[in-house]
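Colleague: I should like to learn how surface and pocket features are read from a model. Could we go through them in turn?

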Amino acid sequence: MDKTLDIAEFDYHLPDDLIAQEPEEKRDAARLMCLDRSTGACSHYRVSDVVDLLGSGDLLVVNDTRVVPARL
């Protein structure tokens, strides 16, 4: 099944104070989002919490791309 996306689907309100301007001085203090696949619940932590969140068989996805100064 092929679904064509409308650019309007990417439009959402993002408050300026939630847009990171600089990396955290202490890298492990950066924010971390955790998705519970069984419930769909989204929780927010710090990178330093990752060892407490991972269990046997879990998958950790790391995004090491640079931020491009652009918006859709």
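Colleague: Where does I7 lie relative to strand 1?

Modeller: I7 belongs to the segment before strand 1. Please bear in mind that this is a predicted model.

Colleague: Is I7 buried or exposed?

Modeller: A residue counts as exposed when its relative accessible area is over 50%. I7 has a relative accessibility of 55%, and therefore it is classed as exposed.

Colleague: Which residues make a nonpolar surface patch?

Modeller: Such a patch joins nonpolar side chains that lie within 5 Å. Here L5, I7 and F10 make a nonpolar surface patch of about 310 Å².

Colleague: How is empty space in a model to be found?

Modeller: A probe the size of a water molecule, rolled over the atoms, shows where empty space is left. In this structure the largest pocket holds about 2,100 Å³ of space. It is lined by 39 residues, and those closest to its centre are R31, L32, M33, V47 and N63.

Colleague: What is the chemical character of the lining of the largest pocket?

Modeller: The lining comprises 23 nonpolar, five polar and eleven charged residues.

Colleague: Which element gives the most to that lining?

Modeller: Strand 1 does, with five residues. At least two lining residues come from each of strand 1 (31-35), strand 2 (42-46) and helix 1 (50-53).

Colleague: Is M33 buried or exposed?

Modeller: M33, which is located in strand 1, has a relative accessible area of 59% and is therefore exposed. Its C-alpha atom is 16 Å from that of P23, and the two residues are ten apart in sequence.

Colleague: Where is P69 placed, and what is its relative accessible area?

Modeller: P69 is found in the segment after helix 1. Its relative accessible area is 84%, so P69 is exposed. Between the C-alpha atoms of P69 and V47 there are 23 Å, with the two residues 22 apart along the chain.

Conventions
Residues are numbered from 1 along each chain as its sequence is written. This is a predicted model: local features need pLDDT of at least 70, side-chain atom pairs count only at pLDDT 80 or more; totals for chains, interfaces and linings use all residues. Side-chain values use heavy atoms; hydrogens and water are left out. On a 1 Å grid over the protein atoms alone, a cavity is a set of points where a 1.4 Å probe fits but cannot get out, and a pocket is an open set with protein on both sides within 12 Å along at least five of seven lines; lining residues have an atom within 4 Å of a point. Grid points are joined across faces, edges and corners, and a volume is the space filled by probe spheres set on the points. Helices (H or I, at least four residues) and strands (E, at least two) are DSSP runs, numbered from the N terminus. Ala, Val, Leu, Ile, Met, Phe, Trp, Tyr, Cys and Pro count as nonpolar, Asp, Glu, Lys and Arg as charged, and the others, Gly among them, as polar. Patches are made of residues with over 30% relative accessible area and no salt bridge: like charges are joined within 9 Å, nonpolar side chains (Val, Leu, Ile, Met, Phe, Trp, Tyr) within 5 Å. Accessible areas come from the Shrake-Rupley method with a 1.4 Å probe; for residues, only the protein chains shown count as cover. A salt bridge is a side-chain nitrogen of Lys or Arg within 4 Å of a carboxyl oxygen of Asp or Glu. Buried means under 20% relative accessible area, exposed over 50%, partly exposed in between (1.4 Å probe, protein chains only).
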